[in-house]
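This report describes parts of one protein structure for a reader who has not seen it before. It takes up a sheet and then two residues.

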Amino acid sequence: MFTPGWSMTVRLNDLIPLVHEDHVINVNNFGIRGEAPSLISTPRIVVFGGSPVEDWVLPDRQTWVQQLAQNLRPCAPNVWTGNFGKAGVNARHHLIQFPEIVKYMPHIDMFVVLLGLNDFLFDLHIHHQFVTPVNWWRKQALMYDHGDEGNSALLALATRFYRNWSNPPSESARISDFGHYQKMLRDTYAKVTEQQWVHELPDLSSHLDTYRQTISRLKQLADAYGAPIVFVTQPYVWSDTMSEDTREKIYAGFIGPDLQSPKTKWYTSEALRRGISAYNATLLDKCRSDGLSCVDGARLLQGHENYFYDDFHFSSQGAAAMGAIVADHVKKSLPGCS
């Protein structure tokens with residue numbers, strides 16, 4: 001998913017509502033953030049998704065993937081949960097990621113997938129380019145392909161050792177001032193004119209058909225691998241009764257790649273809510289018709305504005321709640337937990 005050994009300091013700059021702790025994201029030898037599984041880790045649960053799984057603004061211990069593990073440890077003390085979230089990926093990217101990661105990961109006992117948001121955004125060109133670049137699918141799915149270094153692996157390893165030795169421990173090669181980025185998004189949103197707003201969505205039928213097929217293919221991959229898969233609907237903050245404080249922290253909806261242009265159109269929060277609700281409803285319909293294992297995270301977190309620091313990313317409170325509700329569902333299928 002990410003290059004092993006890669007790291008990034010994330011600074012919030014006191015500009016992200018409900019989230020305040022700067023931290024460092026370190027990528028382990030399996031290409032994901034957090035601790036790698038040990039020989040005694042069991043069950044091993046991997047969680048796929050986009051940025052609401054990656055939880056970029058939260059330190060490892062606060063992410064909902066780690067909160068899932070914390071909630072399971074009383075009955076499964078050696079549980080390991082792997083954060084396979086990557087910003088911008090949708091369910092079709094998981095079809096690329098899945099067969100790659102099972103080649104080198106230790107045996108996986110369960111898959112959890114939070115999906116729907118990025119499928120919706122991609123399908124309607126929200127926050128995306130109008131023409132998908134060549135090779136975008138694989139490049140977005142995987143920052144790093146396992147084994148890419150090939151015959152030069154020893155040289156690459158030596159380079160990393162030298163870099164770590166030559167740089168002081170406190171020095172970070174990469175810094176993300178994410179708070180400033182979020183403020184830019186909010187400031188731009190506040191300047192959208194009435195002429196830029198789009199209140200109605202196009203027909204979603206063909207997109208939802210593709211989404212249904214993707215859900216089925218993910219289930220088939222999990223079945224072929226031999227592990228259960230749990231699907232989770234996408235929570236969001238939009239509602240008819242959003243407080244003024246919440247309205248001031250949202251920014252999503254620009255159509256195309258250029259949010260700064262006065263010609264860019266923006267979907268209203270109500271239109272966005274109808275859109276993601278359609279994708280969530282499609283997943284729940286598949287759950288009923290195909291007997292899938294599913295968690296309706298959107299319904300269970302609905303109405304809790306403090307669970308989000310923007311439109312659909314979790315605050316530490318939201319991540320804790322998400323980890324708890326997914327854990328409650330997972331416990332039903334774990335020996336000693338049900």
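Two strands count as paired if DSSP finds at least two bridges between them. In this predicted model, strand β1, residues 7–11, pairs with β6 in the parallel sense over three bridges. One residue pair can be named: T9 has I175 in β6 as its bridge partner.

The two strands belong to an open sheet of three strands, in the order β2-β1-β6 and with mixed pairing. Its edges are formed by β2 (23–26) and β6 (175–177), each of which pairs on one side only. On average, neighbouring strands of the sheet are turned by 25° against each other, direction ignored. Helix α7, which covers residues 178–190, packs on this sheet and touches β1 and β6. The direction of α7 makes about 35° with that of β6.

Two residues are described next. Q140 is placed in helix α5, residues 136–141. T264 is placed in the loop between α9 (244–247) and β9 (266–267). The table gives their accessibility.

| Residue | Relative accessibility |
|---|---|
| Q140 | 18% |
| T264 | 8% |

The cut-off for buried is under 20% relative accessible area. Q140 therefore counts as buried at 18%, and T264 is buried at 8%.

Leaving aside residues up to four places away in sequence, Q140 touches K86, A87, G88, V89 and H93. With the same exclusion, T264 touches Q196, F254, I255 and D258. For D258 there is also a distance: its backbone oxygen lies 2.4 Å from a polar atom of the T264 side chain.

Notes
Residues are numbered from 1 along each chain as its sequence is written. This is a predicted model: local features need pLDDT of at least 70, side-chain atom pairs count only at pLDDT 80 or more; totals for chains, interfaces and linings use all residues. Side-chain values use heavy atoms; hydrogens and water are left out. Helices (H or I, at least four residues) and strands (E, at least two) are DSSP runs, numbered from the N terminus. Axes are lines fitted to C-alpha atoms, for helices over the stretch in contact, and angles run from 0 to 180 degrees between N-to-C directions. Contact means heavy atoms within 4.5 Å. Buried means under 20% relative accessible area, exposed over 50%, partly exposed in between (1.4 Å probe, protein chains only). A polar contact is a pair of N or O atoms within 3.5 Å; within protein, one must be able to donate a hydrogen and the other to accept it, and residues adjacent in sequence count only if both atoms are side-chain atoms.
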